[in-house]
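Welcome! Have a look at the sequence and the model below, and then work through a few exercises at your own pace.

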Amino acid sequence: MSEIFSKVSQIKDKIISEMSSVKDEASLKEFQEKHLSKKSELSQLMSEIKNLANEEKAKFGQCMNEARAAVNEAFQKKAQEINDALIAQKLKRETIDITLPGYNYKMGGINPFYLVQDEIIDTFVSMGYEVKEGPDVESDYYNFERMNIPANHPAREMQDSFYINPTTLLRTHTSPEQARAMDEKGGKPLMMICPGKCFRRDDDDVTHSHQFGQIEGLVVGKGITLANLKGTLELFIRKMFGEKREVRFRGSYFPFTEPSVEVDVTCMNCGGKGCPTCKGTGYIEILGAGMVHPNVLKMSGYDPKVYSGFAFGVGIERVAMLRYGIDDIRKIYQGDVRFIEQFSRK
Ligand code: FA5
């Protein structure tokens, strides 16, 4: 009988002495599986209880509990030691010197495209215009048909674009938003602007990009005249460029306006003398505009005998170039921090 008790004691001592070889998390886990599970040598001894006399059974149970508690206590102590060592190592590895100077992140600025876009929006909102949004991927129907540019019209070629499929394209101008806005208004007067991206298969040069921003404007009501268009655009241009900058309105052609005009501002690079940026003309074109064509009004459910309207499409980058003296449109898209930090609000 005493033999089984001393066996418990021997196994317990053997297990505890084995603990000294446990040095890391892996061997701790191995040890736990070997000695603390139900299948461990110590636990297996419990089956001996059936061979003991009844009065010895309780004593044996107590002896087993004490042995197991001793092994458990030693195990917990070891686990704590290993954990403490791991934390100490981690802290050593991750020590930071808080007296070192921090990283100096270079602050950029707001891209002049957005500075100008926000300013144009504010200007028109202050005059009572609503701000609309339209899709970048547009149907042929809105981009061309509703703008009085039927299939095979030569004006389609001037705005050659990126087609997604034969009837869907990346919009070439923000003018389709005129038709969408009129559809939405259902024949009632309206004043709206719509900023957005446009895409054309234009060769990139100092004043052209295959992707650029426009702000469309549309006013429809009774008795709207070309004088209203001119007065509105002059007010906008003076707000953007001040009183002194030379501006010219010249007759032009768009299938969706009649009459049509284009507006140029003296070149920021040469002040009007003529240089490579303005291709020797002394002027940079910023927008196209005109009186809404009767066909466009009709297609949108407005009677052209009762209603008239004006519309315009401003090139955002061109305004930014003239406003800030940027001599190449491509600088606006390159994200060069030396360029962008010049527009920092600091
Ligand atoms: C149009 O896009 C007409 N939809 C404008 C319009 C609206 C006329 C409403 C009448 C009534 P245009 O192709 O001229 O017109 O472009 C208008 C402006 O967008 C130009 O004056 C220019 O500032 C800008 N723009 C046009 N193409 C480019 C380009 N490739 N890169 C940068 N800006 C451009």
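The exercises below go from one helix to the cores, the salt bridges and some backbone details.

Before you start, note that this is a predicted model, in which local features need pLDDT of at least 70, side-chain atom pairs count only at pLDDT 80 or more, and totals for chains, interfaces and linings use all residues. Residues are numbered from 1 along each chain as its sequence is written, and side-chain values use heavy atoms, with hydrogens and water left out.

**Exercise 1. Find which residues of helix α2 are buried, and describe how they are arranged.**

Step 1. Helices here are DSSP runs of H or I with at least four residues, strands are runs of E with at least two, and both are numbered from the N terminus. Buried means under 20% relative accessible area, exposed over 50%, and partly exposed in between (1.4 Å probe, protein chains only).

Step 2. In α2, the buried residues are Ser27, Leu28, Phe31 and His35. Seen down the helix axis, they fall within an arc of 105 degrees (taken from the directions from the axis to the C-beta atoms), so they line one face of α2.

Step 3. These buried residues pack against α1 (2–18) and α4 (54–93). The face turned away from the buried side carries the exposed residues Glu25, Ala26, Lys29, Glu30 and Glu33.

**Exercise 2. Locate a salt bridge within α2 and another that links two elements.**

Step 1. A salt bridge is a side-chain nitrogen of Lys or Arg within 4 Å of a carboxyl oxygen of Asp or Glu. The whole structure has 25 of them.

Step 2. Lysine 29 and glutamate 33 form one, at 3.5 Å from N to O. The two are four residues apart in helix α2 (residues 25–35), so about one helical turn separates them. Both lysine 29 and glutamate 33 are exposed.

Step 3. Glutamate 130 and lysine 185 form another, at 3.4 Å from N to O. Because glutamate 130 lies in strand β1 (residues 130–131) and lysine 185 in helix α8 (residues 176–185), this pair ties together parts that are 55 residues apart in sequence.

Step 4. Elsewhere, Asp136, Glu138, Arg171, Glu177 and Arg180 are joined into one network by salt bridges that share partners.

**Exercise 3. Describe the largest nonpolar core, and how α5 and α11 pack.**

Step 1. A nonpolar core is a set of buried Ala, Val, Leu, Ile, Met, Phe, Trp, Tyr and Cys residues joined through side-chain atoms within 4.5 Å. The largest has 44 residues, and Ile120, Phe236, Ile286 and Phe312 have the most contacts inside it.

Step 2. Among the elements that give it two or more residues are α5 (112–126) and α11 (316–324). Contact means heavy atoms within 4.5 Å. Leaving out residues up to four places away in sequence, isoleucine 120 touches Ile215, Phe236, Met240, Val314 and Val319.

Step 3. α5 and α11 pack at about 100 degrees, with axes 9 Å apart. Axes are lines fitted to C-alpha atoms, for helices over the stretch in contact, and angles run from 0 to 180 degrees between N-to-C directions. α5 and α11 are therefore roughly perpendicular (65 to 115 degrees).

**Exercise 4. Find a cis peptide bond and two positive phi values outside glycine.**

Step 1. The cis bond joins glutamate 258 and proline 259, with omega about -5 degrees. Proline 259 lies in strand β8.

Step 2. Asparagine 152 has phi near 70 degrees, and lysine 279 has phi near 55 degrees. Lysine 279 sits in the loop between β8 and β9.

Technical notes: Angles under 35 degrees count as roughly parallel, over 145 as roughly antiparallel, 65 to 115 as roughly perpendicular and the rest as oblique.
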